[in-house]
Amino acid sequence: MTNNSEPERTSLDPEILRGLADTIGVALTDDRLAALTPQAEAHFVLLRHLASAADPHTEPAALFQLDQWTKEVHE
């Protein structure tokens, strides 16, 4: 059985996107943030759709770990 219903598109608070960008060291101008927010909203809809189709009794197909990731600093 598959879930063919489309997840509802919800608006993304631009400040959440700014916070995500800040977390990885990317500063977004207000203009860039305004341009990226609708694009990010569309990607989150796709991720919610994938999450709704996933079997919660199985392991994820991929595991992403950032514990060994380091940000390169240029001074």
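This report describes the nonpolar core, the nonpolar surface patch and two residues of a predicted model.

The largest nonpolar core is built from six residues, namely Leu12, Leu17, Ala21, Leu28, Leu33 and Ala40. Two helices, H1 (14-23) and H2 (30-53), each supply at least two residues of this core. As a general background, nonpolar side chains tend to be buried together in soluble globular proteins.

Leucine 12 belongs to that core, and, when its neighbours within four places in sequence are left aside, leucine 12 is in contact with Leu17, Thr37, Ala40, Glu41 and Phe44. Among these partners, Leu17 and Ala40 are themselves listed in the core.

Nonpolar residues also appear on the surface, where Ile16, Leu20, Phe44, Leu47 and Leu50 make a patch of about 480 Å². The elements giving two or more residues to this patch are H1 and H2, and H2 gives the most, with three residues. Leucine 47, one of the patch residues, is found in helix H2. Phe44 is another member of the patch, and it is also a contact of leucine 12.

Glutamine 39 lies in helix H2 as well. It counts as partly exposed because its relative accessibility is 45%, a value that falls between the 20% limit for buried and the 50% limit for exposed. Although glutamine 39 and leucine 12 are 27 residues apart along the chain, their C-alpha atoms are separated by 10.0 Å.

The two nonpolar groups are set out below.

| Group | Residues |
|---|---|
| Largest nonpolar core, six residues | Leu12, Leu17, Ala21, Leu28, Leu33, Ala40 |
| Nonpolar surface patch, about 480 Å² | Ile16, Leu20, Phe44, Leu47, Leu50 |

Terms used: Residues numbered from 1 in each chain as written. Predicted model: local features only at pLDDT ≥ 70, side-chain atom pairs only at ≥ 80, totals over all residues. Heavy atoms only, no water. Core = buried A, V, L, I, M, F, W, Y, C linked by side-chain atoms within 4.5 Å. Buried < 20%, exposed > 50% of the residue type's maximum accessible area, 1.4 Å probe, protein only. Helix = DSSP H or I, 4+ residues; strand = E, 2+ residues; numbered from the N terminus. Contact = heavy atoms within 4.5 Å. Patch = residues over 30% accessible without salt bridge, like charges linked within 9 Å, V, L, I, M, F, W, Y side chains within 5 Å. Areas by Shrake-Rupley, 256 points an atom, 1.4 Å probe, with all protein chains shown as cover. Salt bridge = Lys/Arg side-chain N within 4 Å of Asp/Glu carboxyl O.
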